[in-house]
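Here is a colleague's note, set out as numbered points to be read beside the coordinates. Please keep the structure open while going through them.

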Number of protein chains: 2
Amino acid sequence: MDGSARGPRERMVYSAAQLVRERGVAATGVRDVVERASAPRGSFQHYFPGGKDQLVSEALLWSGDYAAAWAARYLRETRRPTPSGLFAHLAAQWKEEFDRRGFQRGCPVMATAGEVAGSGSAITEPLRMALSRWEEAIVAALTAMGVPARRGRRQATLMLSTLEGAILMARVYGSVRPLTTVVKDLGPLLDAEFGTDG
Amino acid sequence: MDGSARGPRERMVYSAAQLVRERGVAATGVRDVVERASAPRGSFQHYFPGGKDQLVSEALLWSGDYAAAWAARYLRETRRPTPSGLFAHLAAQWKEEFDRRGFQRGCPVMATAGEVAGSGSAITEPLRMALSRWEEAIVAALTAMGVPARRGRRQATLMLSTLEGAILMARVYGSVRPLTTVVKDLGPLLDAEFGTDG
C-alpha cells in the first residue's frame, strides 16, 4: 500500500485514499493531499481538472480495486479454499493493519458513505462502484469455489456487512476483538452452507 | 424521533444528531444546527460552553441511548423473544427509515467513526460510550432471554457488526436488500446457538 514509487498523479490518488480513511472526505483538503504525496505544487489542477470530487472518486475506485485484488488473492494462495477461509482472509488484512499501525485508518468506503451516501454528491456513484467491485470479487471467489451464484451473492453481502461493521467496532473500541469474534462465529454458518449443498 | 416539542437545548442535540447522520461531523456546522433546531441565536454558547465537541458528544450519547431503548423495547413487546427476532427488530427500524425517508440518514456512530475513530479528538470517548450503551442493551436483552452472558456478548458483537455494515451497504446501493439478506441469513445461526445450548 505504499505509493511512494509511483508518479505524482498516482501518489495523489493514494494519499487521498489514506487521508479519507483517517478523517473522512470533508476534512481531507486538496492541499494536504498534494503535500502528503510530495507532488509539485500546481500539479493538482493539471491532473485533476474535476477538482476534489475527481480526486476522491479516483481514490475510492483505487480502494475498491485494491480490496477486490485482495479478495482474489485468496484463491491463488490457498490450496483448499472455503467461504470461511475467504472471510478470515478479508478480516486478516484489517487485523494486521490495526496491529501494525493502530486504529487511525478505517475503510474509505465507510468514511465516505457516512458523509455522502444519501446525498446528491458527485462521489456517490464512484462510491457505489468501489463497493460493487469489491463485492463482485468476493462473489467471483465464492463462485470459483463452487458456491452457486445466488448463494454466493447473499454470502458476499453477509461477509461485507459483517466485516465493515466489525472494522467500525474495532476502531471505536480500539481493539481487534470484534474482528476475531465475527471471523470465529460467522465461519461455521458460511461453511455449513458450503458443505451441505454448496 | 421528533424533537420539535422539546426545549431549545434538546432540539439542538437532536438536530445535531440528524445532521451528523446525513453529512458527518466535519460538515455539520453549529449555525446549521441552531437554525434547524429553531433555537434562539446566541443560545448555543449558553447551552454548550464546550462548543461543537460538546454538542456532538451529546448528540452521540443521545443516539446511543435511543438505540439502546429500541433494543430494550423488543423484550417488552414480544411474547416469545428469540435472538433472531431481536436482530430483525433492530434491522426493522432501519428498513422503515429507508422506506419512509430514503437513504439520506445513516448511523451517527458510523459517520463519526469514519471521521475521528482513530484520532485524538475529544469526541472519541463519547463515541465509544454511545456504541457501548447500544451494545450493552443488546447483551442485556439476550441475557434476559436466557443466552449465557459470554455468548450474549459475542452475539451482540456479531449482530451490531452485521447491522452496521448492512446499513452502510443499503445506503451506498440505495436498496434495503442488504438488510433483508442479513436478517434472513444470520437468523438461523443466532437461534441455533439459542436452541441447542443457550
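1. A nonpolar core is here a set of buried Ala, Val, Leu, Ile, Met, Phe, Trp, Tyr and Cys residues joined through C-beta atoms within 7 Å. In this predicted model, the largest such core holds 132 residues, and the members that touch the most others are A:Ala16, A:Ile138, B:Ala16 and B:Ile138. For B:Ile138, leaving aside residues up to four places away in sequence, the residues touched are B:Ala71, B:Ala156, B:Met159 and B:Leu160.

2. On the fold of the single chain, chain A contains 9 helices and 0 strands, and its pattern along the sequence reads α-α-α-α-α-α-α-α-α. The radius of gyration of chain A is 18 Å, close to the 16 Å that the globule rule gives for 198 residues, so chain A is as compact as a globular protein of that length. The C-alpha trace of chain A spans about 60 × 35 × 35 Å along its principal axes. Of the 198 residues in chain A, 51% are buried, and among the contacts in chain A that link residues at least 6 apart in sequence, 69% join residues at least 24 apart.

3. On the relation between the copies, a turn of 180° with a shift of 0.0 Å along the axis lays chain A on chain B with an RMSD of 0.0 Å, which is the relation of a two-fold axis. The same surface serves both copies, in that 100% of the contact residues of chain A recur in chain B.

4. On the contact itself, chain A contributes 42 residues and chain B contributes 42 residues. On the side of chain A that touches chain B, at least two residues each are supplied by α1 (8-23), α6 (108-116), α7 (124-145), α8 (149-173) and α9 (177-197) of chain A, and the largest share, 15 residues, comes from α8(A). By type, the residues of this side of chain A divide into 21 nonpolar, 12 polar and 9 charged.

5. One loop residue deserves a separate look: why does A:Ala117 count as buried? A:Ala117 lies in the loop between α6 and α7 of chain A, and it counts as buried because it has 31 C-beta neighbours inside 10 Å, where 20 or more are required. Not counting residues up to four places away in sequence, A:Ala117 touches A:Thr124 and A:Leu127 as well as B:Phe103, B:Gly106, B:Arg171 and B:Val172. The C-alpha atom of A:Ala117 is separated by 31 Å from that of A:Arg41, 76 residues apart along the chain.

Key. Residues numbered from 1 in each chain as written. Chains lettered and ligands numbered in written order. Predicted model: local features only at pLDDT ≥ 70, side-chain atom pairs only at ≥ 80, totals over all residues. Least-squares fit on C-alpha atoms with pLDDT ≥ 70 in both. Contact = placed C-beta atoms within 7 Å. Buried ≥ 20, exposed ≤ 12 C-beta atoms within 10 Å, placed from the backbone. Helix = DSSP H or I, 4+ residues; strand = E, 2+ residues; numbered from the N terminus. Nonpolar A, V, L, I, M, F, W, Y, C, P; charged D, E, K, R; others polar. Rg over C-alpha atoms; globule rule 2.2 N^0.38 Å.
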